[in-house]
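Q: Please take a close look at one strand of the sheet in this structure, and describe its partners, its surroundings and the way its side chains are placed.

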Amino acid sequence: MAVRFFVLPLISLAIVLVLTLVIARAGAQRSVAQKIAIKSDQGIDSLEKVRLGGVEQWIQIRGWDRNNPLLIFLHGGPGFPEMPFAHQNAELERHFTVVQWDQQGAGKSYSSSIPPSVMTVEQFVTDAHDLVQILLKRFGAPKCYLVAHSWGSLFGAQVAARYPEMFYAYVGIGQTSDLGQTAQVLYDFALSAARADDSKQAIEELERIGRPPHSFADHRYMERWVTYYSEREHPSVSRTRMTRIALESPAYSWADLIKIPFGVRYSFQRLWKEIFYQTSLFKQAPRIDVPVYFFLGRYDKVVTTEVAQQYFDALDAPRGKQIVWFEQSGHWPHFEEPEKYRETLVSRVLHETKPRPNR
C-alpha cells in the first residue's frame with residue numbers, strides 16, 4: 001500500500017511532464033513553421049527520399065524561387081544531421097534553393113540495417129556526386145553551390161576537387177583536412193593546458209594514452225580533456241541550445257530525433273579509423289578548380305585552425321581561395337554567428353561568383 005502511495009503520484013507526474021513537453025513542442029513547431037513558411041508561387045518546400053548507393057536517404061529542399069541557385073549542404077558528424085537546425089538560417093532560402101541531406105546513417109536516414117561495407121569515405125563522395133547530378137537535372141541548373149561543415153567538408157572537398165564542373169563555389173565551414181594531424185595538435189594542446197593547470201588527473205590520463213594514433217577509447221579520453229580546456233577559452237554551442245533548436249524543427253518527428261544519437265554512434269564507430277588515419281586532403285584534394293571559401297571559427301578546437309590554415313596554404317585553387325574568420329565562433333560559425341554566415345554567403349560568395357539564373 002505504501003509503495004502504491006508513492007508510485008502512482010510519480011507516474012502521474014511523469015505523464016503530465018511528458019504531455020507538457022509534447023504540447024510545448026507542437027506549439028514551438030507550429031510557430032517556427034509559420035515563421036519560415038515559403039509564401040511564393042515559385043517556391044518549393046519538400047521533404048522526400050532519394051536512393052543513393054542503393055540506400056534510401058532523406059533530403060529537404062526549400063526556397064522562395066526555384067530559379068535561384070541551388071545550395072547543397074553537407075552536414076558534419078559523421079552521423080550528425082543538421083536538417084533539424086536548418087530553420088535557424090531560413091533567410092538563406094530567399095537567395096538559394098537550399099538542400100539539406102541526411103547522409104546514410106544519420107538522422108532520418110539512419111537504419112541499423114545499413115551494411116557496414118557502404119560506410120566508407122568513398123561511398124559518401126559517390127553519394128554526394130549522385131545527389132548533385134539528380135538535383136541539377138531536376139532543376140535544370142548548370143551548377144550549384146556546395147557548402148560543407150566539419151566531417152562533411154572532409155569528403156565535400158573531394159567532391160569539389162573531382163567534379164569542379166558541377167559547382168559555382170565550394171564553402172568549407174570548420175574545414176577538416178587531416179584528422180590524424182589534427183589529433184596530434186589537439187593532444188599537445190590538452191597536455192600543455194593540463195600541465196599549466198597542474199591537473200594530476202588530466203596529466204596522468206593523457207600521458208598514459210600517449211600521443212596519437214589512439215584506440216577509439218583513448219581518443220575519447222583525449223577528446224574529453226580537449227573539450228574541458230577549450231571550453232575555458234570559448235564556450236561551445238551548448239547541448240541545451242542544440243536540443244531546443246532541434247525540438248522546434250518542423251522537419252523532424254520524435255522518432256527522427258531519437259535516431260540522432262544512434263546514427264552518430266553507428267557512423268562514427270564505422271568511419272573513425274578511416275577518417276582519422278587514412279584520409280588527408282593534402283593528398284586526396286590538393287587542387288580544387290572552383291572558387292574556394294573557408295569559414296573558420298577563431299576558437300575552433302575540434303578541427304583546429306592551425307591545420308585548416310596549413311591546408312588552405314597548400315591548396316592549389318587557381319580560381320581563387322579565401323578564408324573568412326568568425327572571431328566569436330568555435331566549430332559552429334553558422335550557429336554561433338548566423339547573421340555573418342548568411343551575409344557572407346550572399347554578399348561575398350554569391351556576389352563574387354554570379355551564377356546565371358536557372359531559366
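A: In this predicted model, strands β3 and β4 run parallel and are joined by five bridges, with Ile 72 standing opposite Val 99 of β4. A parallel arrangement also links β3 to β5, here through four bridges, and in this pairing Leu 71 stands opposite Tyr 145 of β5.

The side chains of β3 can be followed face by face. In a regular strand, side chains alternate between the two faces of the sheet. On one side of β3 lie Leu 70, Ile 72 and Leu 74, on the other Leu 71 and Phe 73, and all of these are buried, so that both faces are covered. Because five of the five residues of β3 are buried, that is, under 20% relative accessible area, the strand is largely enclosed by the rest of the structure.

The wider setting is an open sheet of eight strands with mixed pairing, in the order β1-β2-β4-β3-β5-β6-β7-β8. Its edge strands, each pairing on one side only, are β1 (44-52) and β8 (321-326), and the twist from one strand to the next averages 20°. At the β1 edge, the pairing with β2 (residues 55-63) is antiparallel and extends over nine bridges, where Lys 49 stands opposite Trp 58 of β2.

Two helices bear on this region. Helix α2 (residues 121-139) lies across β3 (70-74) as well as β1, β2, β4, β5 and β6, and runs at about 135° to β1. Helix α3 (residues 151-162) packs on the sheet, touching β3, β4, β5 and β6, and its direction makes about 145° with that of β5.

Definitions and conventions
Residues numbered from 1 in each chain as written. Predicted model: local features only at pLDDT ≥ 70, side-chain atom pairs only at ≥ 80, totals over all residues. Heavy atoms only, no water. Pairing = 2+ DSSP bridges. Axes fitted to C-alpha atoms, helices over the stretch in contact; angles between N-to-C directions. Contact = heavy atoms within 4.5 Å. Buried < 20%, exposed > 50% of the residue type's maximum accessible area, 1.4 Å probe, protein only.
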